[in-house]
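Student: Could you take me through one part of this model closely, beginning with the surroundings of a single residue and working outwards from there? I would like the contacts, the burial and the charged and aromatic pairs treated together.

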Amino acid sequence: MQLAKRNPATLLSIDDRLKTPLYHQIFLILRSQIQEGRLSPGALVPGEEELARQFKVSRITARRALAELAAEGLVTRGRGRGTHVTARGEPPPIRAGVEGLLENLFAMGLKTQVKLIEFDFEPAAPDVAAALQIGAGQEVQRAVRVRSLDAGPFSYLTTYVPADIGRKFSRKALEQQPLLSLLEQSGITIGGADQTISATLADTRVAPLLETAVGAPLLRISRVVQDGAGRPVEYIIGLYRPDRYQFRMSLDRVRGEEQNTWSARVAPAAGGKRSPRLIRREKSR
C-alpha cells in the first residue's frame, strides 16, 4: 500500500525546525490520513518496512510511529496480520459557520462541556488593549477555558473582557454559562463581531490540555465582539483541534463585468430578510 505521494526530505526538513522527532512526523501523517478517511476503518496500514522505505528512516523509527497510532487507539496490530485502522465511533466534529455566527457560538456553549483553567484580572497587554480599544495597562478580566465533546477536548479559549464588565459576573458563573450569555445578562446588547482565522501549532502548554501532540496543527480564531454601539466588549483567541472542529462558509458565484468572483453568502435574518449589517460589509469589500 502506498501513502499519498510526498517529498519526505522536504517534509522532514520543515518539521525538523520544530524539533519534532521523525517517528512523530510519520505518526502525524498517518493520523491525518485516518481522520480524513483516506485510510478507512479496517484498511491495512503500511508496515514498518514499507514506511521505512517511503520516508527513508529506520525500521525502529517506523515501528515507533505505528506504536503511537496504536496507543491512541487508531490502529490495531497483530503478529502475522499487520496493522489495521480501528473502526472508530467518534461523533462528527462540530461545524461552525459564518452564517448566524453569534447564534452558533451561543449554541455551542450550551452543547459542550467547559473546564475553567484560569480566571483573574490583569493589566492589558498592548495587543489586547488594541483589540478592546482601551489604554495599554488598563485592567481586564482574563479567563482560559477548555471546551470538550464526548470525544474529548476540542478548543482552548483565552478571553479578555474590560474590567468594568468582567466584574459583573463571577468565576463560578463562567464555569456554568457561556460568556456571551453572561455579557447579555449584564445588560450588554451584542451588536456584531470581527473574526480572523489562521493556523498555528500546539505548544507545550496547550497540547496536553487538548490531548494532542506538541507541534500538532491547530486552527487559530481571534474574534472581537462589539456591543450595539460598536464598543469592543470581548476579545477571544481560540485554538481548535481541526479533527474536532471545522469552519464552514457558504459562497455564491458573483458575475462581474471583468471577472467572476466568490462572495460569502449572507444568512437570512428573522422573516427571511438579509442582515443589514452583513449587507453593508458585503458591499464595502
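**A close look at Gln141 and its surroundings**

Tutor: Of the 285 residues in the protein, 45% are buried, and since this is a predicted model, every value that follows is computed from predicted coordinates. The protein has 11 helices and 13 strands, and among the contacts with a separation of 6 or more, 57% join residues that are 24 or more positions apart.

The residue to begin with is Gln141, which has its place in strand E6, a run that covers residues 139–149. With a relative accessible area of 0%, Gln141 is classed as buried, because that class takes in values under 20%. The side chain of Gln141 has a polar partner in the backbone oxygen of Gly166, which it reaches at 3.1 Å. Once neighbours within four places in sequence are set aside, the residues in contact with Gln141 include Phe119, Asp120 and Phe121, and also Thr159, Tyr160, Val161, Ala163, Gly166 and Phe169. Gly166 therefore appears twice in this account, as a contact of Gln141 and as the owner of the backbone oxygen that the side chain of Gln141 reaches.

Two of those contacts, Phe119 and Phe121, deserve a closer view, and for them the geometry of the rings is needed. A pair of aromatic rings is described by the distance of the centres and the angle of the planes. A search of the whole structure finds five aromatic pairs, and one of them is formed by Phe119 and Phe121, whose rings are edge-to-face, with 6.2 Å from centre to centre and 85 degrees between the planes. Phe119 counts as buried at 18% relative accessibility, whereas Phe121 is partly exposed, with a relative accessible area of 27%. Phe121 has a charged partner as well, for Arg167 lies over the face of its ring at 3.9 Å from the ring centre.

A second pair from the same search can be set beside this one: Tyr240 and Tyr245 are stacked, with 4.1 Å from centre to centre and 25 degrees between the planes. Tyr240 counts as buried at 2% relative accessibility, and Tyr245 is buried too, with a relative accessible area of 1%. Together with Phe154, Tyr240 and Tyr245 form one aromatic cluster.

Returning to strand E6, we come to the charged residue that follows Gln141 in number. Arg142 and Glu118 meet through their side chains in a salt bridge, at 2.4 Å from N to O. Because Arg142 lies in strand E6 and Glu118 in strand E5 (residues 113–123), this pair ties together parts that are 24 residues apart in sequence. Arg142 counts as buried at 14% relative accessibility, while Glu118, at 29%, counts as partly exposed.

The structure holds nine salt bridges, and others among them can be described in the same terms. Arg205 and Asp203 meet at 3.3 Å, N to O, and here Arg205 is partly exposed, with a relative accessible area of 45%, as is Asp203 at 31% relative accessibility. Asp243 and Arg241 form another salt bridge, in which the closest N and O atoms are 2.6 Å apart; Asp243 counts as partly exposed at 24% relative accessibility, but Arg241 is buried, with a relative accessible area of 5%. Glu48, Arg59, Arg63 and Arg77 are joined into one network by salt bridges that share partners.

The nonpolar cores complete the picture. The largest has 20 residues, and those with the most contacts inside it are Ile26, Leu30, Ile34, Leu51 and Leu69. Helix H2 (22–35), helix H3 (48–55) and helix H4 (59–71) are the elements that give two or more residues to this core, and H2 gives the most, with six residues. Ile34, when residues up to four places away in sequence are not counted, touches Leu39, Leu69, Leu74, Val75 and Val85. A second, separate core has 17 residues, including Phe169, Leu174, Leu182 and Ile190. Phe169 brings us back to the starting point, as it is among the residues in contact with Gln141.

Note on methods. Residues are numbered from 1 along each chain as its sequence is written. This is a predicted model: local features need pLDDT of at least 70, side-chain atom pairs count only at pLDDT 80 or more; totals for chains, interfaces and linings use all residues. Side-chain values use heavy atoms; hydrogens and water are left out. Helices (H or I, at least four residues) and strands (E, at least two) are DSSP runs, numbered from the N terminus. Buried means under 20% relative accessible area, exposed over 50%, partly exposed in between (1.4 Å probe, protein chains only). A polar contact is a pair of N or O atoms within 3.5 Å; within protein, one must be able to donate a hydrogen and the other to accept it, and residues adjacent in sequence count only if both atoms are side-chain atoms. Contact means heavy atoms within 4.5 Å. A nonpolar core is a set of buried Ala, Val, Leu, Ile, Met, Phe, Trp, Tyr and Cys residues joined through side-chain atoms within 4.5 Å. A salt bridge is a side-chain nitrogen of Lys or Arg within 4 Å of a carboxyl oxygen of Asp or Glu. Rings of Phe, Tyr and Trp (its six-membered ring) pair if their centres lie within 6.5 Å; planes under 30 degrees apart count as stacked, over 60 as edge-to-face and the rest as tilted. A charge sits over a ring if NZ of Lys or CZ of Arg is within 6 Å of the ring centre and within 35 degrees of the ring normal.
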